[in-house]
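Please look over the chain shown here before turning to the notes on its helix packing and aromatic side chains.

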Amino acid sequence: MAGTDLVGPEADALDLGAVLRALADEHRRSVMTELAADRSDGERGCNSFNLPISKQTQTHHFRVLREAGLIDEIDYGNRKGIRLRRADVEKRFPGLLALLEAESRGGTAAR
């Protein structure tokens with residue numbers, strides 16, 4: 001069954017302030033560190049992230065990430081898929097995903 005893409009801003013319209021506000025929350029940042037570390041960039045279900053928060057709060061966090069342009073959401077009606085917008089984020093903010101990936105390993109990015 002095909003889903004409906006819930007799209008955020010175009011790559012050239014990604015706003016640094018919106019991205020930084022989205023990443024300021026520890027739960028949203030943990031989602032992004034997982035996505036950045038997974039180089040397959042496959043679609044993941046919302047429930048595949050180990051977030052200790054309610055489903056309503058998860059929905060809010062994924063919406064903030066989408067509206068900041070960091071992820072795409074695919075609505076299948078009874079569930080949503082999440083996909084990192086790696087190429088768009090790398091184009092607009094080179095090195096940001098490397099920093100997030102380094103955080104997932106508990107280290108710092110290479111200089």
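The briefing below covers one helix contact, one aromatic pair and the charges placed over rings.

This is a predicted model, in which local features need pLDDT of at least 70, side-chain atom pairs count only at pLDDT 80 or more, and totals for chains, interfaces and linings use all residues. Residues are numbered from 1 along each chain as its sequence is written, and side-chain values use heavy atoms, with hydrogens and water left out.

**Helix packing**

- Helix α1 (residues 16-24) and helix α2 (residues 26-37) pack with their axes 5 Å apart and at an angle of about 100°, which means that α1 is roughly perpendicular to α2 (a term for angles of 65 to 115 degrees).
- Arg21, Ala22, Leu23 and Ala24 of α1 make the contact with Glu26, Arg28, Arg29 and Met32 of α2, where contact means heavy atoms within 4.5 Å.
- The residues of this contact comprise 4 nonpolar, no polar and 4 charged.

**The aromatic pair**

- The 1 aromatic pair of the structure is formed by phenylalanine 49 and phenylalanine 62, tilted at 50° between the planes and 5.7 Å centre to centre (rings pair if their centres lie within 6.5 Å, and planes count as tilted when neither under 30 degrees nor over 60 degrees apart).
- Phenylalanine 49 lies in the loop between β2 (44-45) and α3 (55-68), whereas phenylalanine 62 lies in helix α3, 13 residues apart.
- Both phenylalanine 49 and phenylalanine 62 are buried, that is, under 20% relative accessible area with a 1.4 Å probe and protein chains only.

**Charges over rings**

- Arginine 44 lies over the face of phenylalanine 49, 4.0 Å from the ring centre (the criterion being CZ of Arg within 6 Å of the ring centre and within 35 degrees of the ring normal).
- The charged end of arginine 79 sits over the ring of tyrosine 76, at 4.1 Å from its centre.

Note on methods. Axes are lines fitted to C-alpha atoms, for helices over the stretch in contact, and angles run from 0 to 180 degrees between N-to-C directions. Helices (H or I, at least four residues) and strands (E, at least two) are DSSP runs, numbered from the N terminus. Angles under 35 degrees count as roughly parallel, over 145 as roughly antiparallel, 65 to 115 as roughly perpendicular and the rest as oblique. Ala, Val, Leu, Ile, Met, Phe, Trp, Tyr, Cys and Pro count as nonpolar, Asp, Glu, Lys and Arg as charged, and the others, Gly among them, as polar. Rings of Phe, Tyr and Trp (its six-membered ring) pair if their centres lie within 6.5 Å; planes under 30 degrees apart count as stacked, over 60 as edge-to-face and the rest as tilted. Buried means under 20% relative accessible area, exposed over 50%, partly exposed in between (1.4 Å probe, protein chains only).
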